[in-house]
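Hi,

Here is the structure I promised to pass on. Have a look at it first, and my notes on what turned up follow below.

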Amino acid sequence: MSSLAAEIKKRRTFAIISHPDAGKTTITEKVLLHGGVIQEAGEVKGKAGTKAATSDWMKLEQQRGVSITSSVMQFDYEGLRLNLIDTPGHKDFGEDTYRVLHAADSAAMLLDAGRGVELQTKKLYEVCRLRKMPIFTFANKMDREGKSPLDLIDDVESTLHMHCYPVTWPMGMGADFRGLYHRFENNLYLYKKDVLEPTVVKVESAADPLIAKHIGEELFATLQEELELLQGVLSPFDPEAFLRGEISPMTFGSAKYNWGVDLFLRLFAQYAPPPQPRVIEGGDLSPVENFFSGFVFKIQANMDKRHRDRVAFIRICSGKFERGMKVHHTRLNREIRLAYANQFMARDRETVEVAYSGDIVGINDTGNFQIGDSVSDGRPVNFAGIPRFSPEHFGKLVVSDALKRKQLEKGVRQLVDEGSIQLFYDPRVGWQDPILGVVGILQFDVLLFRLQDEYGVDSKLDSLPYTLARWPVDAEGKPTRAVKGTPHLFQDVNDLPVVLFQGEWDYQRVVRENADITFKITSA
Ligand code: G4P
């Protein structure tokens, strides 16, 4: 195998999807601990008041003194190079959160075992499903009383219509939690709150009486009963079905006490896929193709307003990146030089000068990039567009000072490029009075603040009663404007027709009236 292929085969690029408070920050910390990036275990403390202002990882950075300046953390684990991409999760939940999933090859779904599948997890899962992405499930907070593991599985299966395959099984819960039974290995992992490493006991099977010696007769009886039930209803684990996103290997534990995080990571290392071929115009592109290529999935504005620089995050999809390399920018149809912006969280600092397919690089950008742009140093490529996701909040900007309209347009353009807001307009009127849409309501606050702060425009937002956007296509999959029964037909920034609806009832009515049209939930 060539060294390029060997490097790429080592890459595992993933994101954690969860609802706020499920424990993403806590498990990220434990994962980094196992990856040797941080040295000592400790609880994440004192986050009150910091959530709204900073990303989850900045929070971690402040608390642990580790340098997490970028949106991706890279570390080595069992001979693999893992890239964990941040999914902005709390109040800063927005389209960005959905889009980063396009840069990942697999996802870890983190559930609070007491709450099961919650709203944001469901929304993020649906984006993963669009891409048929493989998903691991980790049921967290087993140190607390929560839903029974069987109920949790039922919850995932009925809410998400995805099968689960429990690889580990909890022995007890809350104060009675003793550990995990590993169904592939026939090992018991016995955990204690104050002991870092679990005690591992090899057994013959789940029926081995030796188990009772460790967890007591009662828990042993429950374990057998539950596993027997599982045997009857669950099909065997099929790695191929997992790679298609149809079945999720599930593990249990407690991120807070570091129970089961080791087993989750090992399972991840064993089954998570390396970079896969990506869809480009005219076919698929192999990750081991001999030239560098990638696409922009996120643009982050520089927080320092005196420097209008921004950072464009590129997911590498083939070949090797070298700092300062010249590439072809497909949309602009010209060469540009890639100046590496971010110091990644790697153990070996030398490695940050080069990166391979699967990795993410942050590029200093002075306005060349938009979300979805493709670059390459071989033949020009165009990666299948990152879809726009339906916003959930809509409004129009009102400025009192008419002289500031130009500035306003400039600011709005910039924020549209960054992908934090979407813009819809009436083709008969043009760009003058656009409708703006966002996935997370906080995005509107950020918009008003930045227009004021960076462009000196005082504006306010009049909200509009729409709650969803759908992109209509005809029977051949071509965008169409021939939609009956609604006056709310607009265009997005790429001039694709889009219908805005006030709610589900409104949407269903229009669907019924247009049997020959499919209303897509994303733009691509
Ligand atoms: P998030 O990033 O997904 O929002 O969650 P985060 O890790 O910040 O965790 C949210 C809360 O849940 C925190 O409690 C955290 O300690 C707790 N938590 C995370 N994992 C576990 C677990 O396995 N078991 C239990 N019992 N709790 C867990 P907090 O009270 O908000 O803060 P703190 O004072 O505990 O830090």
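Before anything else, a word on terms: helices here are DSSP runs of H or I with at least four residues, numbered from the N terminus. Keep that in mind for His 161, which comes just after α6 and takes a positive phi of about 55°. And please remember throughout that this is a predicted model.

The overall picture, then. The chain has 524 residues, and 56% of them count as buried. It holds 13 helices and 29 strands. If you take the contacts with a separation of 6 or more, 72% are between residues 24 or more positions apart.

Back to α6 itself, which covers residues 149–160. Its 12 residues reach 16 Å from the first C-alpha to the last, close to the 16 Å expected at 1.5 Å a residue. Pro 149, Leu 152, Ile 153, Asp 155, Val 156 and Leu 160 are its buried residues. They sit on the same side of α6, because the arc they cover around the axis is only 155°.

Helix α8 (residues 217–233) makes a nice companion. With 17 residues at 1.5 Å each step, a span of 24 Å is expected, and the end C-alpha atoms are 25 Å apart, which agrees. Buried in α8 are Leu 219, Phe 220, Leu 223, Glu 226, Leu 227 and Leu 230. Down the helix axis these fall within an arc of 135°, so they line one face of α8. What lies over them? The cover for the buried residues of α8 includes α6, α7 (210–215) and the strands β6 (163–166), β7 (168–171) and β8 (179–182). On the face turned away from the buried side you'll find the exposed residues Glu 217, Glu 218, Glu 225, Glu 228, Gly 232 and Val 233.

Now the nonpolar interior. The largest nonpolar core has 87 residues, and the members that touch the most others are Tyr 181, Ile 211, Phe 297, Phe 321, Leu 338 and Phe 369. Strand β15 (residues 310–318) supplies the largest share of this core, six residues. There is also a second, separate core of 33 residues, with Val 31, Phe 75, Phe 138 and Ala 272 among them. Phe 369 is worth clicking on: leaving out neighbours within four places in sequence, its contacts include Val 296, Ile 299, Ala 312, Ile 314, Leu 338 and Val 375, and also the polar-named trio to check by eye, Arg 310, His 329 and Arg 331.Next, the sheet. Six strands form an open, antiparallel sheet in the order β18-β17-β21-β14-β15-β20. Its edge strands, β18 (334–337) and β20 (360–365), each pair on one side only. On average, neighbouring strands here are turned by 40° against each other, direction ignored. At one end of that order, four bridges join β17 (residues 326–329) to β18, and the two run antiparallel. His 329 has Arg 334 as its bridge partner in β18.

One last residue: Leu 464, in strand β25 (residues 459–464). Is Leu 464 buried or partly exposed? Its relative accessible area is 26%, so it counts as partly exposed. Leaving aside residues up to four places away in sequence, Leu 464 touches Phe 394, Gly 395, Lys 396 and Ile 435. From Leu 464 to Leu 436, the C-alpha atoms are 9.3 Å apart in space, with the two positions 28 residues apart in sequence numbering.

Cheers

Notes: Residues are numbered from 1 along each chain as its sequence is written. This is a predicted model: local features need pLDDT of at least 70, side-chain atom pairs count only at pLDDT 80 or more; totals for chains, interfaces and linings use all residues. Side-chain values use heavy atoms; hydrogens and water are left out. A nonpolar core is a set of buried Ala, Val, Leu, Ile, Met, Phe, Trp, Tyr and Cys residues joined through side-chain atoms within 4.5 Å. Buried means under 20% relative accessible area, exposed over 50%, partly exposed in between (1.4 Å probe, protein chains only). Contact means heavy atoms within 4.5 Å. The expected span of a helix is 1.5 Å times one less than its number of residues. The arc is that of the directions from the helix axis to the C-beta atoms. Two strands pair if DSSP finds at least two bridges between them. Axes are lines fitted to C-alpha atoms, for helices over the stretch in contact, and angles run from 0 to 180 degrees between N-to-C directions.
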